[in-house]
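Reader: Please walk me through this structure. I would like short questions and short answers.

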Amino acid sequence: MRIEVNVNGAWRAADVWPGASLLFMLREHLGLAGAKNACEQGECGSCSVWLDGTLVCACLVLAAQAHGREVRTVEALAAGEHLHPVQEAFLEAGAVQCGFCTPGLVVAVADLLAQHPSPDEAAVREALSGNLCRCTGYAKILDAVRIASNRVRGDPR
Ligand code: FES
Ligand code: FES
């Protein structure tokens with residue numbers, strides 16, 4: 001079936017089988033490999049994208065459900081050479097090890113800070129509870145969220 005989706009501001013089309021996920025379409029048909037396929041069961045958050053502005057696990061959304069709708073992926077966060085403040089913060093805090101969870105976490109943190117620029121730690125933990133990381137122990141991820149939160153509020157620390 002023919003699916004047309006507005007991805008990161010441009011209409012893209014692909015012929016997919018009816019059971020294909022949005023994640024499969026993004027990665028295998030559209031060449032957007034930022035969203036990762038780690039569990040394909042909605043457990044890890046590594047495939048997080050926005051669908052019409054709402055954070056979703058792309059592995060749990062059928063490509064057909066996204067037809068005619070707007071998808072934003074981690075690839076849209078950086079502006080050319082300029083990383084998004086959340087991406088900068090992850091680098092600065094050393095919150096990346098294997099990196100497999102990172103795109104999903106970056107998207108989830110960007111989503112959180114867009115809605116709540118100054119979340120307390122409980123709110124951060126709650127917001128990121130659907131994003132699993134096997135490497136970092138999460139402490140540096142929390143550091144990155146603190147740095148990013150300061151940056152989006154205009155505090156350079
Ligand atoms: S790959 Fe979608 S939640 Fe894990
Ligand atoms: S850095 Fe490896 S899973 Fe998070």
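**The hairpin and the cores**

Author: This is a predicted model, where local features need pLDDT of at least 70, side-chain atom pairs count only at pLDDT 80 or more, and totals for chains, interfaces and linings use all residues. Residues are numbered from 1 along each chain as its sequence is written, chains are lettered from A and ligands numbered from 1 in the order in which they are written, and side-chain values use heavy atoms, with hydrogens and water left out.

Reader: Which residue in the turn between β3 and β4 has a positive phi?

Author: Strands are DSSP runs of E, at least two residues, numbered from the N terminus. β3 and β4 form a hairpin, with 2 residues between them. In that turn, a positive phi of about 50° belongs to D52.

Reader: Which residue of β4 stands opposite W50?

Author: β3 covers residues 48-51, and β4 covers residues 54-57. The two run antiparallel, joined by 4 bridges; strands pair if DSSP finds at least two bridges between them. Opposite W50 stands L55.

Reader: Are the residues of β3 buried or exposed?

Author: Buried means under 20% relative accessible area, exposed over 50%, partly exposed in between (1.4 Å probe, protein chains only). S48 and W50 point one way, V49 and L51 the other. On both sides, the residues are buried.

Reader: Which element gives the most to the largest nonpolar core?

Author: A nonpolar core is a set of buried Ala, Val, Leu, Ile, Met, Phe, Trp, Tyr and Cys residues joined through side-chain atoms within 4.5 Å. The largest has 26 residues. With 8 residues, the top contributor is α3.
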